[in-house]
Amino acid sequence: ALPISGFKAHQLNDLCLLPALKMSPIHMLALTASIAAMLQHAAASSSQCAGGAMQGSLFLQEKTRHKVLQVAGEEMEVTNTSRSRADNARFLMMASFGPTRQTLDELSQTSFEQWIQDQIQLPVESHREYYRSHANPNWGGEAEAVNYYRSRSPCSAGSRWHRYALSQLDQKKTIEVRNGSVFVDGGFRTDVLTGTLASRWSGLGDFTGYVCYVEDHVGGEVHISELSRCWTQDKIPMSNPVVHVADESKATATSLPFSQLKPGTLLLDGSALTCDLEAAMEQVSTADAFIIKALGNYYAFDSRVELVENTPAQP
């Protein structure tokens, strides 16, 4: 879009704003496209248009919009067929986020002025509505967050489950390995695998310290330290252990349908009509990981923030 700082208000045919710069027809139309939404339904009283006090104002009378389009159209007396694809691409680069093959084909069938009018008639789209329907932020569970947010239910469509025991949210928290189990801030995360395929954590023995660094995947790099400062010389490199329970009573078995988002991460398919996971989670301490057994493996619930709908119709 073109900058508008070089325009001044003039009293000409009761118009509040006319370009004070010499512009090419394509620049004129591109500018019109950039401000068309603001011109729509805008009106200014005579007092607003009086004098030079309104210099640079974007509040135009309805006829101003038509005048701008008329001037631009008169200066661009070129048929659709005589415009080159490069001309159309240049126009779209100035009047939109850039051309695509589809928009170039569509523009070749209409005039620049009609394209601008079509854009004005498009329904309003909300960036916030789009963001909230696609974002999936982590739920930290902090006490102050409870007053503003709520966690998505484990039974909601797309609820996330992962096989790694530690996450980046655990960084700077206390960690303890005790009696073959790993605890973070006092909450149970996993039992340490032993035997032929023993976890590296089994050789650590009993340990109390801090989580310094975590990579969110099974086998990802993990740094722990006995000191909270987590200096390089203090760190003990480990790998992110897989979620495992020696006692299956610590996990909830389920046959609900899941799909794999990526290796080690599952998503619940659709909102299950009969789902007992929420009731089962209520029986688990809030500090402990909520673990299920699905598709032959153990997974921990990856709690996410539930975002409420926010649309222009229902802000």
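The following exchange concerns a predicted model of a protein chain.

Visitor: How many helices and strands are there in the protein chain?

Guide: The protein chain of this predicted model has 315 residues, of which 37% count as buried. Among contacts between residues at least 6 apart in sequence, 62% join residues at least 24 apart. The secondary structure of the chain consists of eight helices and twelve strands.

Visitor: Which parts of the chain hold Cys155 and Cys275, and how many residues apart in sequence are the parts that the pair ties together?

Guide: A disulfide is a covalent bond between the sulfur atoms of two cysteines. One such bond joins Cys155 to Cys275, with an S to S distance of 2.0 Å. Cys155 lies in the loop between helix 7 and strand 1 (160-162), and Cys275 lies in the loop between strand 10 (265-268) and helix 8 (277-281), so the parts tied together are apart in sequence by 120 residues.

Visitor: Is Cys275 buried or exposed, or does it fall in between?

Guide: Buried requires a relative accessible area under 20%, and exposed requires one over 50%. Cys155, the partner of Cys275 in the disulfide, has 12% relative accessibility and therefore counts as buried. The relative accessible area of Cys275 is 22%, so the residue is classed as partly exposed.

Visitor: Where do Cys212 and Cys230 lie, and how many residues apart in sequence are the parts that they tie together?

Guide: The structure holds two disulfides, and one of them joins Cys212 to Cys230 with an S to S distance of 2.1 Å. Cys212 lies in strand 5 (residues 207-214) and Cys230 in the loop between strand 6 (221-225) and strand 7 (236-239), so the separation in sequence of the parts tied together is 18 residues.

Visitor: What is the angle about the S-S bond in the link of Cys212 and Cys230, and what is its handedness?

Guide: Both ends of this link are covered, since Cys212 is buried and Cys230 is buried as well. The angle about the S-S bond between Cys212 and Cys230 is -80°, and the link is left-handed. For the link of Cys155 and Cys275, the angle is -80° and the handedness is left-handed.

Visitor: Which backbone atoms does the side chain of Thr190 reach?

Guide: Thr190 is placed in strand 4 (residues 187-191), and its relative accessible area of 1% means that it is buried. Beyond its neighbours within four places in sequence, Thr190 is in contact with residues including Ala165, Ser181 and Pro241. Its side chain reaches the backbone oxygen of Val242 at 3.2 Å and the backbone nitrogen of His244 at 2.9 Å.

Visitor: Which residue caps the N-terminal end of helix 7?

Guide: Helix 7 is hardly covered, as the count of buried residues among its eight residues is zero. In the loop between helix 6 (112-121) and helix 7 (127-134) is a residue whose side chain has a polar atom 3.0 Å from the backbone nitrogen of Glu129. A side-chain oxygen of this residue also lies 3.3 Å from the backbone nitrogen of Arg128, and the capping residue is Ser126.

Visitor: Is Ser126 buried or exposed?

Guide: Residues up to four places away in sequence aside, Ser126 touches Asn310 and Pro312. Ser126 and Asn310 are 184 residues apart in sequence, and their C-alpha atoms are 8.6 Å apart in space. The relative accessible area of Ser126 is 19%, which is under the 20% limit, so Ser126 is buried.

Visitor: How far apart in space are Thr311 and His127, C-alpha to C-alpha?

Guide: Thr311 lies in the segment after strand 12 (297-302). With 10% relative accessibility, Thr311 counts as buried. Thr311 and His127 are 184 residues apart in sequence, and their C-alpha to C-alpha distance is 9.1 Å.

Visitor: Which residues line the second largest cavity?

Guide: A search of the whole structure finds two cavities of 30 Å³ or more, and the second largest has a volume of about 30 Å³. By class, its lining has one nonpolar, three polar and four charged residues. The lining residues are Asn136, Arg152, Gly158, Ser159, Arg160, Phe301, Asp302 and Arg304.

Key:
Residues numbered from 1 in each chain as written. Predicted model: local features only at pLDDT ≥ 70, side-chain atom pairs only at ≥ 80, totals over all residues. Heavy atoms only, no water. Helix = DSSP H or I, 4+ residues; strand = E, 2+ residues; numbered from the N terminus. Buried < 20%, exposed > 50% of the residue type's maximum accessible area, 1.4 Å probe, protein only. Polar contact = N/O pair within 3.5 Å; in protein donor to acceptor, adjacent residues only side chain to side chain. Contact = heavy atoms within 4.5 Å. 1 Å grid on protein atoms, 1.4 Å probe; cavity = no way out; pocket = protein on both sides within 12 Å on 5 of 7 lines; lining within 4 Å. Points joined across faces, edges and corners; volume = space filled by probe spheres on them. Nonpolar A, V, L, I, M, F, W, Y, C, P; charged D, E, K, R; others polar. Disulfide = S-S within 2.5 Å.
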